[in-house]
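Reader: I am new to reading structures, and I would love a close look at a single part. Could you walk me through one loop?

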Amino acid sequence: MRVLTVNPGSSSLKLSLLDPGDAVAARAQIATGAGEREAEQVAAAVARMPAPDAVGLRFVHGGRDFLAPTLVDDGVAGRLHALVELAPLHQPLSLYALGEIRRALPDVPVVACFDTAFHAGLPEAAATYALPAEWRERFGLRRYGFHGLSFAHAVRRAGELLGRAEAGRRMVICHLGAGASLAAVAGGRSVDTTMGFTPLEGLVMATRAGSVDPGLPMWLLRHGVPAEEIDDALEHRSGLRGLAGTGDMRALRARAGRGDAVAASALDVYHHRLRACAAAMAASLGGLDVLVFTGGVGEHDPEVRRRAAADLAFLGAGVDPSANAGVHGDAEITAAGAPVRTLVVEAREDLEIAAGVRAALRERP
């Protein structure tokens, strides 16, 4: 089965056509936010590719109902629209892409694949917010977790790199990109994660604040700041951008190297939260055996990996300087004698999406 994977992000929409052996037969990337021109670009990109047998489309949020890849019909599409307010930065892009793909390929089945599905089996203690029961039941308030497609691929790839028995041990996976989260994985299953009801919780990100005191937005509301402004600030004007004017890790690294104290402070805040959250994930596991870095920053920034591993040295982490500096693709970068094995894994949501599409269509009546 030839699968077209569609991965909408905050700034671009990526299309990959995978052949039956999962080799990439064609790729395209389209900047989002161009309106009618964007629709034309999606249709043109699909027309240039060989015809797929099926399409897999990434959705950030599946809510309580979507726990596995799901064949999309009009009813499913309507239910997906109802989840927009839970992931306002990403869900509309996926719904937009769904409409364009269904128009461009009206006879090809489309399967929705969900970032939340990997965390659907979180232990109740990890998934439950200490909120009134009537709220939790009425509104489905719980910790959903995100980046599940990336985490699932990282688990699978770690198994190939280390051997299945090793990968079945206690693993903390760091998906570090513009959006960032960690997962605590035991035996291939998510047992804790840093994002929660929405993708705002947890780490400091490029433009998102991560965890803040819930009383802080309430204080701002009482002091006349509109809810819409608070929402926009937490999503788009916080994180590294709020601390230092940009969410670009490379630019911050360069500025800090030139002695820019504001950039250096922003990186300190980023790493303080990363260290604390990674240690919390290890605590949920009762220890740490494998540390994995993935995502754009996790894959391409050796200094983030070096500093993160150094911060977790008390748990047994450490990276080899030469291996860490010279990473290309998937690799092990463990320091000699370090009891925790450290890996870098390329984020390949497309492979996980394709696997989900094939599984969903095999189960179709």
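Author: Happily; here is a look at one loop and two of its residues. This is a predicted model, where local features need pLDDT of at least 70, side-chain atom pairs count only at pLDDT 80 or more, and totals for chains, interfaces and linings use all residues. Residues are numbered from 1 along each chain as its sequence is written, and side-chain values use heavy atoms, with hydrogens and water left out.

Our loop runs between α5 (133–139) and α6 (148–162), and R143 is found there. Helices here are DSSP runs of H or I with at least four residues, numbered from the N terminus. R143 counts as buried because its relative accessibility is 8%; buried means under 20% relative accessible area, with a 1.4 Å probe and protein chains only.

What does the side chain of R143 reach at 2.5 Å? That partner is the backbone oxygen of T193. A polar atom of the R143 side chain also lies 3.1 Å from the backbone oxygen of A126. Both are polar contacts, meaning pairs of N or O atoms within 3.5 Å; within protein, one must be able to donate a hydrogen and the other to accept it, and residues adjacent in sequence count only if both atoms are side-chain atoms.

Leaving aside residues up to four places away in sequence, R143 touches several others, including L122, Y129, D192, F197 and E201. Touching, or contact, means heavy atoms within 4.5 Å.

H147 is found in this loop between α5 and α6 too. With 9% relative accessibility, H147 counts as buried. Although H147 is not a glycine, its phi is positive, about 60 degrees. Most residues other than glycine have a negative phi.

Notes:
Helix = DSSP H or I, 4+ residues; strand = E, 2+ residues; numbered from the N terminus. Buried < 20%, exposed > 50% of the residue type's maximum accessible area, 1.4 Å probe, protein only.
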